[in-house]
Amino acid sequence: MASIQFLKASPLSESTQLATLLQNASDQSGEVFIGCFGDGPSPIDLTEASELASKIVIRRYGDACWVNANPLLADAYRAEQGLAEAHEAVESDRYQLVYLSQVLTEVSEGLLTPQDIGQLIRSVPLHSPLRLVLTRERVPECLAAFLFGLTEGQTCPTISGITRDSIPSSSGAE
């Protein structure tokens, strides 16, 4: 059965979390897709995962630096390109783990919408062994509101139990 996780991860702590996931993945068949959003450091050093290197696909969707400035159109294009490739990875039978590093930051920055993330989650095949992991330091309030119907000031529940069927149908994905 598919597993969907939101991990609290700063760009610096992500490498440790990803190393643990990769260690678990090394015991299984299938490949690993890692999509790195934004301009942070890559969460993986392949020298540490050399036995898995041939089974890992790493893609980067951002390299612009826009601290204290608005994201550029190119940043939005890269986020959309990453989302499209994430959909392809999720819907294929090729990957056992799809890890999207800092993808939720793109929601906070307005480059992707909560509905985009909802559609991605709903595209996970029902009986797939796929593990989909989305990261950011915290879940954007607009995404928590979309997923759980929360209003401002309400606390976001633990979101490790998200399934494709728990996403509101208003996301437009079927």
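**Buried positions, nonpolar cores and helix packing**

In this predicted model, Q102 lies in the loop that runs between strand 4 (95–101) and helix 3 (103–108). Although Q102 is not a glycine, its phi is positive, at about 60 degrees. The relative accessible area of Q102 is 9%, and since buried means under 20%, this residue is therefore classed as buried.

A further glutamine, Q96, is located in strand 4. With a relative accessibility of 8%, Q96 likewise counts as buried. When residues up to four places away in sequence are set aside, the contacts of Q96 comprise A25, Q28, S29, G30, E31 and V32, together with P129, L130 and R131.

Nonpolar side chains tend to be buried together in soluble globular proteins. In the present model, the largest nonpolar core contains 27 residues, of which V98, L100, V103, L120, L132 and L134 touch the most other members. At least two residues of this core are supplied by each of strand 1 (3–8), strand 2 (31–37), helix 2, strand 4, helix 3, helix 4 and strand 5 (131–136). Helix 2 provides the largest share, amounting to six residues. A second core, separate from the largest one, has 13 residues, including L52, I56, L97 and V133.

The surroundings of V98 were examined individually, as V98 is one of the core residues that touch the most other members. Apart from neighbours within four places in sequence, V98 is in contact with F33, A89 and V90, as well as with L130, R131, L132 and V133. Two of the residues named here, L130 and R131, are also touched by Q96.

The packing of two helices was then considered. Such a pair is described by the angle between the two axes and the distance between them. The axes of helix 2 (residues 73–91) and helix 4 (residues 114–122) come within 9 Å and cross at roughly 15 degrees. Because angles under 35 degrees count as roughly parallel, helix 2 and helix 4 are roughly parallel to each other. Their crossing is right-handed. On the helix 2 side, the contact is made by L83, A86, H87 and V90, which meet D116, Q119 and L120 of helix 4. By class, the residues of this contact comprise four nonpolar, two polar and one charged. L120 thus appears both in the contact with helix 2 and among the residues of the largest core that touch the most other members, while V90 of helix 2 is also a contact of V98.

How values were computed
Residues are numbered from 1 along each chain as its sequence is written. This is a predicted model: local features need pLDDT of at least 70, side-chain atom pairs count only at pLDDT 80 or more; totals for chains, interfaces and linings use all residues. Side-chain values use heavy atoms; hydrogens and water are left out. Axes are lines fitted to C-alpha atoms, for helices over the stretch in contact, and angles run from 0 to 180 degrees between N-to-C directions. Helices (H or I, at least four residues) and strands (E, at least two) are DSSP runs, numbered from the N terminus. Angles under 35 degrees count as roughly parallel, over 145 as roughly antiparallel, 65 to 115 as roughly perpendicular and the rest as oblique. A crossing is left-handed if the near helix is turned anticlockwise from the far one by less than a right angle, and right-handed if clockwise. Contact means heavy atoms within 4.5 Å. Ala, Val, Leu, Ile, Met, Phe, Trp, Tyr, Cys and Pro count as nonpolar, Asp, Glu, Lys and Arg as charged, and the others, Gly among them, as polar. Buried means under 20% relative accessible area, exposed over 50%, partly exposed in between (1.4 Å probe, protein chains only). A nonpolar core is a set of buried Ala, Val, Leu, Ile, Met, Phe, Trp, Tyr and Cys residues joined through side-chain atoms within 4.5 Å.
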